[in-house]
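The following paragraphs walk through the salt bridges of a protein model, and the sequence and structure are shown here for reference.

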Amino acid sequence: MVKLSRSKLELFTECQRCFWLDVKQGVKRPPGFPFTINNAIDALLKAEFDVHRAKGTRHAAMKKFKIDAVPFAHENLDRWRHNFTGVQFGHEATGFLVYGAVDDLWVNPAGELIVVDYKATGAEHKIHDSYRRQMEIYQWLLRRNGFAVSATGYFLFAQVNKGRGFGNGEAALSFDLFIEPLVGDDSWVEHAITGAKRAYDKAAAPEAAPACEYCHYRDAAAHALKKD
C-alpha cells in the first residue's frame, strides 16, 4: 500500500500538482522553519496529561473549561502519537494506507473518544480551516478502527502571555491554556482520498492550484531559466 499521511491529504486539498510531485515523484516542497517551541509545548502537555492518564483524573484545564472527560489510556497510544505510524487504516478501494498522529485522546462518560490537538501560538488562538480538517481526519481514522468517537473534539491552545514578558530576565516566559471545541464532520474525507488517488494515478502532473505560491515560483523559475 502507498502511505498517505494526514499532512499529505491536506497537501492534496491545497494543490494537486504539489501532492502529485511529493507523493508520486518524491519531489517535496522546501521545508519550513522548524517548530522547536511547538514541539517542546507538545512534549510538556503530553507529559502533564499522561500523569492524569495514569491516575484516571482530569487535568486542571479540563476542569476550568468544564469538560467531562479523562485522558484515554490505551496500549497503542504511543504508536498513535508517533509521526511515522499514527492511527492507521488500509483503504482498500485506493490502495492507500491512511494514517495520522494524534496529540491526545480523551474519553467521556459515554465511552466515546475525544480527539484533542495541541497548538502553540503567539497570537490570538483561532481554529483555522486546516485545523478543522486535521481534527476530522483523526476522527475518521479512529471510527474506521472501530472506536466510538465524539463529534466534538478540542484544540488546546498554549498562548504566549505577552503581558508578563520575561520579567527583565528574572522570570520565564509564560503561556496561558485555552480549550476550544469543534464539532467535526468527516463526511468529506472519503471523497478526498478517492480524489487523491485519481491525482496520484495521473501520468503527468495535474494543474496547479491558482493560489499555490510554490507552483508559481517553479513556473517563474523555469521560465527565467529558459531565457538563459
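In this predicted model, Arg53 and Asp50 both belong to helix 3, which spans residues 36–55, and they sit 3 residues apart, about one turn of the helix. Their side chains form a salt bridge in which the closest N and O atoms are 2.9 Å apart. The two partners differ in their exposure: Arg53 has a relative accessible area of 10% and is therefore buried, since that value is under 20%, whereas Asp50, with a relative accessible area of 29%, is partly exposed.

A second pair brings together Arg81 and Asp104, whose side chains meet in a salt bridge with an N to O distance of 3.9 Å, which falls within the 4 Å cut-off. Because Arg81 lies in helix 5 (residues 77–81) and Asp104 in strand 5 (residues 104–107), this pair ties together parts that are 23 residues apart in sequence. Both Arg81 and Asp104 are buried. Salt bridges that share partners join these two residues with Asp50 and Arg53 into one network.

Elsewhere, Arg133 forms a salt bridge with Glu10, and here the closest N and O atoms are 2.6 Å apart. This contact links distant parts of the chain, as Arg133 belongs to helix 6 (residues 129–144) and Glu10 to helix 1 (residues 6–14), with their positions 123 residues apart in the numbering. Arg133 is buried, and Glu10 is buried as well.

Taken over the whole model, the count of salt bridges comes to 14, among them the pairs Arg53 with Asp50, Arg81 with Asp104 and Arg133 with Glu10.

How values were computed
Residues numbered from 1 in each chain as written. Predicted model: local features only at pLDDT ≥ 70, side-chain atom pairs only at ≥ 80, totals over all residues. Heavy atoms only, no water. Helix = DSSP H or I, 4+ residues; strand = E, 2+ residues; numbered from the N terminus. Buried < 20%, exposed > 50% of the residue type's maximum accessible area, 1.4 Å probe, protein only.
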